[in-house]
Amino acid sequence: MGHYGDHAERWHRGLVGIRSKTKLGYESLLRCRALPTFATYQLRRIDPASVRTWISDMDADGLSPSRIRQAHQVLRASLDQAVDDGLIPRNPAVGIKVPADRTREMLFLTAEQVHELADLAGEHQPGADTLVTFLAWSGLRWSEAVALRSRSLDVLRNRVTVSEAATEVGGKLVYGPTKTHRARTIVIPRSVSNLLAVNAIPDLSGDPVFTAPRGGPLRSSNFRRAVWLPSVAAFTAAYPNLIGLRVHDLRHTAASLAISVGVNIKAIQRMLGHKTASITLDRYGHLYDEDLIALADRMDQRFRGAA
């Protein structure tokens, strides 16, 4: 029958068609979470009770609900393969409850606050002010922004073509498709386009739009340490309600700014690169509350005009 450790290694080695970063994440979850408990288990000896105990132990250790869920997904996927291979009759990880994920509150900046934060970032690194501004008005993911090439820009028409993402895998920057595996073209404000024109004139070289201070690719870990954290520390001294602000909150800010000027949900879906408008609506629908009030006022005017 064999041990789970041997089976998990074969399962991971045989994974194809997934991103390098995802496969590396699975390896980390196996090594740090699943294997310390189940490596020496005979596959047939893993039962629902042992899986529940494993999850309970991780929860007691203070592991976040999202990380527990990821670990459970890896265990379940590897055992699905064991079922498919006829090694066990059913998957003992199926139907096991995991702790509910605590959804992190999204933070939004006003247009004025974006300017303030961008100015602070520019003090720590040349060009960082343009990057912060671009992220807050375009809605691109960090991985998409750092993968942008000069040929992706059409500054005369205020358009940006998003077709790649760059993620750090094992200390190296790996380029691949976007999260949804779809390219998209977005239109950005003219003022933001002008900023890009100053920092990255489109040419045929394929040079990155945003680079590290000494050239080369811009890495998330370095930017966070050298620019983001000190900038946010100074910024939130004036805005304590925004303590904990992440780079990803600039993407939420872009959605909020678009909604504030009346952009419809379908257009925001295209800007953010969500697969469906329902995903966008689920995340940002509450920001349309003011629109509903305005709609009711306009309908009331129409009602009274017809009376």
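A salt bridge, as I use the term today, is a side-chain nitrogen of Lys or Arg within 4 Å of a carboxyl oxygen of Asp or Glu. With that cut-off in mind, please take the pair Glu 164 and Arg 149, whose side chains meet in a salt bridge at 3.8 Å, N to O. Glu 164 lies in the loop between E2 and strand E3 (165–169), while Arg 149 lies in the loop between H7 and strand E1 (153–154), so the pair ties together parts that are 15 residues apart in sequence. Glu 164 is partly exposed, with a relative accessible area of 27%, whereas Arg 149 is buried, its relative accessible area being 19%. I should say at once that this is a predicted model, and that everything I describe is computed from it.

Let me stay with the charged pairs for a moment. How many salt bridges does a search of the whole structure find? The search gives 6, and I will go through some of them. The side chains of Asp 154 and Arg 157 form one, at 3.3 Å from N to O; Asp 154 is partly exposed at a relative accessible area of 25%, and Arg 157 is partly exposed as well, at 47%. Salt bridges with shared partners also join Arg 141, Glu 144 and Arg 184 into one network. Within that network, Glu 144 forms a salt bridge with Arg 184, with the closest N and O atoms 2.8 Å apart. This pair links distant parts of the chain, since Glu 144 sits in helix H7 and Arg 184 in strand E5 (residues 184–187), 40 residues apart. Are these two residues buried or exposed? Both Glu 144 and Arg 184 are buried.

Strand E5 brings me to the sheet. It is an open sheet of 3 strands in the order E1-E2-E5, and the pairing is antiparallel. E1 and E5 stand at the edges, each with a single partner strand, so one side of each is left without a neighbour in the sheet. Between E2 and E5, which run antiparallel, there are 4 bridges; along this pairing Val 160 stands opposite Ile 186 in E5, and Thr 161 stands opposite Thr 185 in E5. E1 and E2 also pair in the antiparallel sense, over 2 bridges, and here Asp 154, which we met in its salt bridge with Arg 157, stands opposite Arg 159 in E2. The hairpin of E1 and E2 has 4 residues between the strands, and in it Asn 158 takes a positive phi near 60°.

In a regular strand the side chains alternate between the two faces of the sheet. For E2, the covered face carries Val 160 and Val 162, and the uncovered face carries Arg 159 and Thr 161.

Now to the nonpolar interior. The largest nonpolar core has 41 residues, and those with the most contacts inside it are Leu 117, Phe 134 and Phe 223. At least two residues of this core come from each of helix H5 (111–124), helix H6 (128–138), helix H7 (142–145), strand E2 (159–162), helix H8 (190–199) and helix H9 (220–235). Which element supplies the largest share of this core? That is H6, with 6 residues. H6 is mostly covered, 9 of its 11 residues being buried, among them Leu 131, Val 132, Phe 134 and Leu 135, along with Thr 130 and Ser 138. Just after H6, Gly 139 takes a positive phi of about 80°.

Phe 223 deserves a look on its own. Leaving aside its neighbours within four places in sequence, Phe 223 is in contact with Gln 125, Ala 128, Leu 131, Val 132, Trp 142, Leu 218, Trp 228 and Val 247. There is also a second, separate core of 24 residues, which includes Ala 8, Trp 11, Leu 75 and Ala 93.

Finally, the helix pair at the start of the chain. Two packed helices are described by the angle between their axes and the distance between the axes. The axes of helix H1 (residues 4–13) and helix H2 (residues 20–38) come within 11 Å and cross at roughly 175°, which makes H1 roughly antiparallel to H2. On the H1 side, the contact is made by Tyr 4, Gly 5, Ala 8, Trp 11, His 12 and Arg 13, and on the H2 side the residues include Tyr 26, Leu 30, Leu 35 and Phe 38. Ala 8 and Trp 11 thus appear in this contact and also in the second core.

Note on methods
Residues numbered from 1 in each chain as written. Predicted model: local features only at pLDDT ≥ 70, side-chain atom pairs only at ≥ 80, totals over all residues. Heavy atoms only, no water. Core = buried A, V, L, I, M, F, W, Y, C linked by side-chain atoms within 4.5 Å. Buried < 20%, exposed > 50% of the residue type's maximum accessible area, 1.4 Å probe, protein only. Contact = heavy atoms within 4.5 Å. Pairing = 2+ DSSP bridges. Axes fitted to C-alpha atoms, helices over the stretch in contact; angles between N-to-C directions. Parallel < 35°, antiparallel > 145°, perpendicular 65-115°, else oblique.
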